[in-house]
Amino acid sequence: MDSVEEFLVHAIRIEQEAALRFGQLADAMNTQGNREVGRLFRQLADYSKLHLADARERAGYRDLPPLRPEDYTWPDIESPEAAAIWAADPMLGREQALEVALEAEQAGMDYYSDVMKNTIDPELRALAQEFADEEAGHVAELKRWIELHREGKPLPSDV
């Protein structure tokens with residue numbers, strides 16, 4: 001990663017795909033009658049949309065490079081926060097859904113942390129740190145939700 005602009009293009013794509021995938025999973029769960037997990041995925045889609053808005057705002061005055069899908073640099077086959085598509089399984093339980101979400105958010109945090117660790121640009125390092133910290137908050141929240149679930153307590157998505 002060579003520039004803040006390149007980073008922001010990647011961050012925008014990550015958050016777009018996370019919002020899209022969590023939205024697809026929410027729709028699939030609701031269509032299949034698994035409304036509890038559908039609400040959880042919808043809430044996560046909304047969080048991704050907020051992070052997307054932040055990334056777009058930060059990119060607003062910059063000249064971002066146009067990238068084709070094959071130009072993106074991901075550690076895996078798709079962007080880090082794209083939740084596993086197998087999570088559209090109608091039999092998916094709440095704990096499995098939380099684990100899928102945690103894995104996606106952890107991958108996003110790891111991606112931003114790797115950028116932060118591997119750049120020599122101080123502005124890019126600071127921005128990547130901010131994004132990694134945001135994702136760390138999501139990871140911590142999902143871990144809290146998993147613990148609440150295991151204790152049989154209601155999740156924030158239940159209210």
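The tour of this predicted model opens at its largest pocket, which has a volume of about 280 Å³. Select Asp 76, Ser 79, Pro 80, Ala 82 and Ala 107: of the 16 residues that line the largest pocket, these are the closest to its centre. Colouring the lining of this pocket by residue class will show 10 nonpolar residues, one polar residue and five charged residues.

From the pocket, keep Ala 82 selected and add Ala 132. These two residues are 50 places apart along the chain, and their C-alpha atoms are separated by 16 Å. Ala 132 belongs to helix α4. Is Ala 132 buried or exposed? Its relative accessible area is 4%, which is under the 20% limit, and Ala 132 therefore counts as buried. To see contacts of Ala 132 beyond its neighbours within four places in sequence, display Met 109, Tyr 112 and Ser 113.

Next, select the whole of helix α4, residues 122–150. The helix has 29 residues, and the distance from its first C-alpha to its last is 41 Å, close to the 42 Å expected at 1.5 Å a residue. Among the buried residues of α4 are Leu 124, Leu 127, Phe 131, His 138, Trp 145 and Ile 146. Which helices should be displayed to see what covers these buried residues? The cover includes α1 (4–31), α2 (35–59) and α3 (94–118).

Now move to the two ends of α4. At the N-terminal end, show the side chain of Asp 121, which caps the helix: one of its side-chain oxygens lies 2.8 Å from the backbone nitrogen of Glu 123. At the other end, select Gly 152, just after α4, where phi is positive at about 75°.

Return to the loop between α3 and α4 and select Ile 120. With a relative accessible area of 80%, Ile 120 lies over the 50% limit and so counts as exposed. Add Asp 2 to the selection: although Ile 120 and Asp 2 are 118 residues apart along the chain, their C-alpha atoms are separated by 8.7 Å.

The last stop is helix α1, one of the helices that cover the buried residues of α4. Place a distance label between the end C-alpha atoms of α1, which are 40 Å apart. This agrees with expectation, because 28 residues at 1.5 Å a residue should span 40 Å. Finally, select Gly 33, which follows α1 and has a positive phi, near 85°.

Terms used
Residues are numbered from 1 along each chain as its sequence is written. This is a predicted model: local features need pLDDT of at least 70, side-chain atom pairs count only at pLDDT 80 or more; totals for chains, interfaces and linings use all residues. Side-chain values use heavy atoms; hydrogens and water are left out. Helices (H or I, at least four residues) and strands (E, at least two) are DSSP runs, numbered from the N terminus. The expected span of a helix is 1.5 Å times one less than its number of residues. Buried means under 20% relative accessible area, exposed over 50%, partly exposed in between (1.4 Å probe, protein chains only). Contact means heavy atoms within 4.5 Å. A polar contact is a pair of N or O atoms within 3.5 Å; within protein, one must be able to donate a hydrogen and the other to accept it, and residues adjacent in sequence count only if both atoms are side-chain atoms. On a 1 Å grid over the protein atoms alone, a cavity is a set of points where a 1.4 Å probe fits but cannot get out, and a pocket is an open set with protein on both sides within 12 Å along at least five of seven lines; lining residues have an atom within 4 Å of a point. Grid points are joined across faces, edges and corners, and a volume is the space filled by probe spheres set on the points. Ala, Val, Leu, Ile, Met, Phe, Trp, Tyr, Cys and Pro count as nonpolar, Asp, Glu, Lys and Arg as charged, and the others, Gly among them, as polar.
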